[in-house]
Amino acid sequence: MTRYVIQRIVGMLAVMFTVVTIVFVIVRVAPGDPAAVMLGPDATPADIAALRERLGLDRPLVVQYVYFLGQLLRGDLGQSIFLNMPVLSALGERAEPTFFLTVFSILIASVVALPVGILSAYRRGSLFDQLATTLAMLAASIPSFWLGLILIQVVAVRLGWFPVSGYGGPDASFLTRLSHLVLPALALGTVSSALITRFTRASMLDVLNDDYVRTARSKGMGEFRVVMKHAFKNALIPVLTVVGLTAALLISGAVVTETVFGLPGIGNLVVSAVLRRDYPVIQGALLVIAALYVLINFAIDMLYLLIDPRVRY
Amino acid sequence: MAAVASPALAGSPKLASLIVQRKTLLIGLIVLAMIALLAILAPLIAPYSPTRLSVVNRLKPPGERWWFGTDEFGRDIFSRTIYAGRLSLLVGAVATLLAGAIGIALGLIAGFFRQADPVIARVIDAMMAFPDILLAISLVAALGPSLATVIVALGIVYAPRLARIVRASTLIIRELPYVEAARALGVPTWRIMIRHVLRNLISPILVQATFIFAYAMLAEAGLSFLGVGVSPEIPTWGTMIAAGRQFVGQADWMTLFPGIAIVLAVLSLQLVGDGLRDLLDPRLRKDL
């Protein structure tokens, strides 16, 4: 098992290294001079030359790449051009809304999707199953930003139940900030609940006909215990994978949803960085989010070892 | 996971009846065909020009004269919605074709040439670590925003999904006796790749491509909504929703109808994808 864990860590580091290389390439494929693009049409050649030097763009690509790797190893993601602060601090400042938005969306999605998926599989072919499957497919087809706008129209503007946008002022209490997260989390959670429902249903169907479920039933065990203890526990691995990966995908959804609701999170930061061509911020956000995805993947693999005694390497 | 060999159904006389038997596939195909027809025939169907300004008629609610209402410049939303369908479908379709070309080529090369496999496999894994919208907006930011770069960016973003499927299946198929036999007979590698491997992968590729089409349309709408994709003057469903955002609570129809159009298009594609999966490969059926 130790060997497996080490193998996975080495694999993870290799993927991380490739991620870093891809990010380096993406920012450097920009046609024209990134320094000129960042400074806009009014910049003088001297300004452009100064920024090129500051960003190290005047050096050969290989040198830039090695320097970039060295910077990363020191935990330095560079300096934002427009915010005038280190990228890491900019990301850190914006992490809270994104983190809570992701956590609440996952909670909403799981609370709805797990029971619906289980019941749907248990009563396969019933009206409930058909309705749940259709709704899940519908939910997966809704752009989260559009659902967000509808929620703003109906729940925030007409009913006035929740704030329309923002995250409260800097002194806002935690509860106020939470109230700003309800609608965005609902918009994101609805869309991701679709994926979790479908996976839960499919993996429950896989196990519900297995011999050990039949054995449990023939022992006279109550249906609830059969479904939850025997079937669901075994269906949990694929479900856990999807919940974990949904968490990573939500970061992507957060990019758009935060913009709809004016939440000052990482997604919002990235979008304004793209509009202002603040390449160091784009680069830093890409790196951090991809690294998170790789880490979550790794954590899920390690969780398998804990929850499933059959997984032994 | 991916199908290795499935019966080639194309041209089968039973195909039509098999499609009719699968309700979801049939409904998906009908809705998709209707959306595509509306988009293609937009110049014949649209009651107004999608760009005709009429300041006196700005922000009119839906009614007899303007079925879907008008926008802030008095343009007819119904006409704009069906015209926008042309571009939204085009972006989705071309991005899917591009993702297919890149993904299939990478997958086949990785599956066939052992030296190339570790590098390609790692790049596929790393590319999949980026959330799709985030990678797409970064690529668009790097390449400069335009219709073409949005298509190229989405093609690159979704290529790894196909590459992964093609690679995994190629690794299995290349060891099968008939491929070895073809090799022993001196059939050139490229021919084995296309005739013996790719042909057997058409079903899973087709299913995945349908889903990529749906994701690409959603992503295009997201990019346009954020203002980092197609220019706001070009009507796509995403740019229309973005324009309507400033009139939330005042002219809700501006966001409502293009949104419904996206949902219908994506839903129909998902229904087709699910139906095709059932039809082409019973082993992949979601409700086995």
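**Questions on a predicted two-chain model**

Biologist: Is A:Asn84 buried or exposed?
Modeller: The model is predicted. A residue counts as exposed if 12 or fewer other C-beta atoms lie within 10 Å of its own. A:Asn84 has 8 such neighbours, so this residue is exposed.

Biologist: Where in chain A is A:Asn84 found, and what is its phi?
Modeller: A:Asn84 belongs to the loop that links α4 (61–73) to α5 (87–122) in chain A. Most residues other than glycine have a negative phi. In A:Asn84, which is not glycine, phi is positive, near 55 degrees.

Biologist: Which helix gives the largest share of the largest nonpolar core?
Modeller: That core has 168 residues, and those with the most contacts inside it include A:Val19, A:Val270 and B:Leu154. The largest share of the core is 17 residues, and the helix that gives it is α10 (residues 223–261) of chain A.

Biologist: Which residues does B:Leu154 contact, leaving aside neighbours within four places in sequence?
Modeller: B:Leu154 is among the residues with the most contacts inside the largest nonpolar core, as are B:Ala136 and B:Ala216. With those sequence neighbours set aside, its contacts are B:Ala95, B:Ala136, B:Ala216, B:Ala219 and B:Glu220.

Biologist: Which element gives the largest share of the side of chain B that touches chain A?
Modeller: On this side, 40 residues of chain B are in contact with 42 residues of chain A. The chain B residues divide into 25 nonpolar, eight polar and seven charged. Elements giving two or more residues are α5 (117–128), α6 (132–143), α10 (202–226) and α12 (253–280) of chain B. The largest share, nine residues, comes from α6(B).

Key
Residues numbered from 1 in each chain as written. Chains lettered and ligands numbered in written order. Predicted model: local features only at pLDDT ≥ 70, side-chain atom pairs only at ≥ 80, totals over all residues. Helix = DSSP H or I, 4+ residues; strand = E, 2+ residues; numbered from the N terminus. Buried ≥ 20, exposed ≤ 12 C-beta atoms within 10 Å, placed from the backbone. Core = buried A, V, L, I, M, F, W, Y, C linked by C-beta atoms within 7 Å. Contact = placed C-beta atoms within 7 Å. Nonpolar A, V, L, I, M, F, W, Y, C, P; charged D, E, K, R; others polar.
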